[in-house]
Amino acid sequence: MPYASDERAFRAEARVGAAVAVAMAAVVVMAVVVAAVVVSGGVRAGAAPRVADLVWDELADCESGGDWRADTGNGYYGGLQIGPPTWVESGGLHFADRPDHANRREQTMVGEEIVRRQGWEAWPSCARELGLLGHGPTPLPSAPMRSGRTAGP
């Protein structure tokens, strides 16, 4: 039965060929993923998840009465009352010369960087009042905010 052994050899070769094809496909997929990460600028070490908009609104309510254009003469600006050195160090000049000249979203983007660098301690009084100290970038989903609303991602 020379034919039966040839068929077994052919099937064995086909299984090996299929396994090689699957392995090569996995390598190609991994290469595409790595390329996408490299092209997109990579994964930032220490990157924190985005802070919920509700948290920024509550913080701005506490810091500036919710006035994202606040310039009260106290040396801090915008809804989050960010000082000029912190604004510069946290990339704010990419948006405007001062926080009160940037829109709400730009201020919160800089705020995200401030939280990443300094934590909520950058706003000690209001962060304490809102229950943000001792937590990660957002309060626990069940933590009630000052307004009585619940913060969540």
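**Entry 1: Gln81**

I began with Gln81, which lies in the loop between α2 and α3. I note at once that the model is a predicted one. Is Gln81 buried or exposed? I found a relative accessibility of 9%, and because buried means under 20%, Gln81 counts as buried.

I then looked up the backbone of Gln81. Its phi is near 50°, a positive value in a residue other than glycine. A polar atom of the Gln81 side chain lies 2.9 Å from the backbone oxygen of Gly78.

Next I listed the contacts of Gln81, leaving aside neighbours within four places in sequence. Gln81 is in contact with Glu63, Ser64, Ala70, Thr72, Asn74, Tyr76 and Trp123.

**Entry 2: The chain as a whole**

I stepped back to the overall plan. The protein chain has five helices and zero strands, and from the N terminus on its elements run α-α-α-α-α. Of its 153 residues, 30% count as buried. The chain exposes about 9,300 Å², of which carbon and sulfur atoms supply 61%.

I also asked how the contacts are spread along the sequence. Among contacts between residues at least 6 apart in sequence, 48% join residues at least 24 apart.

**Entry 3: Confidence**

I checked how far the model may be trusted. The mean pLDDT of the protein chain is 76, and 59% of the residues reach 70 or more. Where is confidence lowest, and where is it highest? It is lowest in helix α1 (residues 2-39), with a mean of 52, and highest in α3, at 98.

I marked two further stretches. Over residues 138-144, pLDDT stays under 50, and the model has 17 contacts beyond four places in sequence for them. Over residues 148-153, pLDDT also stays under 50, and the model has 17 such contacts for this stretch. Where pLDDT is low, the predicted coordinates should not be read in detail. I therefore leave the contacts of residues 138-144 and 148-153 without further reading.

**Entry 4: Helix α2**

I compared the expected and the modelled span of α2. At 1.5 Å a residue, its 12 residues should span 16 Å, and the end C-alpha atoms are 16 Å apart, which agrees. After α2 comes Gly65, with a positive phi near 70°.

Which residues of α2 are buried? I found Leu54, Val55, Trp56, Glu58, Leu59, Ala60 and Ser64. These buried residues pack against α4 and α5.

**Entry 5: Trp56**

I chose one residue of α2 for a longer look: Trp56 lies in this helix. Trp56 has a relative accessible area of 0%, so it is buried. Not counting residues up to four places away in sequence, Trp56 touches Val51, Trp68, Leu80, Arg104, Thr108, Gly111, Glu112, Val115, Trp120 and Trp123.

I also took one distance. Trp56 and Gln107 are 51 residues apart in sequence, yet 9.4 Å apart in space, C-alpha to C-alpha.

**Entry 6: Helix α4**

I repeated the span check on α4 (residues 104-118). Its 15 residues should span 21 Å at 1.5 Å a residue; the end C-alpha atoms are 20 Å apart, which agrees.

At the start of α4, I found a side-chain oxygen of Asn103 reaching to within 3.0 Å of the backbone nitrogen of Arg105. Just after α4, Gly119 takes a positive phi of about 80°.

The buried residues of α4 are Glu106, Gln107, Thr108, Val110, Gly111, Glu112, Glu113, Ile114 and Val115. They pack against α2 (53-64) and α3 (84-89).

**Entry 7: The nonpolar core**

I closed with the largest nonpolar core, which has 21 residues. Which of them have the most contacts inside it? They are Trp56, Leu59, Leu80, Trp120 and Trp123. The helices α2, α4 and α5 (124-130) each supply at least two residues of this core, and α2 gives the most, with four. As a general point, nonpolar side chains in soluble globular proteins tend to be buried together.

Finally, I looked up Trp123, which I had met in the contacts of Gln81 and of Trp56. Leaving aside neighbours within four places in sequence, Trp123 is in contact with Trp56, Leu59, Glu63, Leu80, Gln81, Gly111, Ile114, Val115 and Arg128.

Note on methods: Residues numbered from 1 in each chain as written. Heavy atoms only, no water. Expected span 1.5 Å × (residues − 1). Buried < 20%, exposed > 50% of the residue type's maximum accessible area, 1.4 Å probe, protein only. Contact = heavy atoms within 4.5 Å. Polar contact = N/O pair within 3.5 Å; in protein donor to acceptor, adjacent residues only side chain to side chain. Core = buried A, V, L, I, M, F, W, Y, C linked by side-chain atoms within 4.5 Å. pLDDT = per-residue confidence, 0-100. Areas by Shrake-Rupley, 256 points an atom, 1.4 Å probe, with all protein chains shown as cover.
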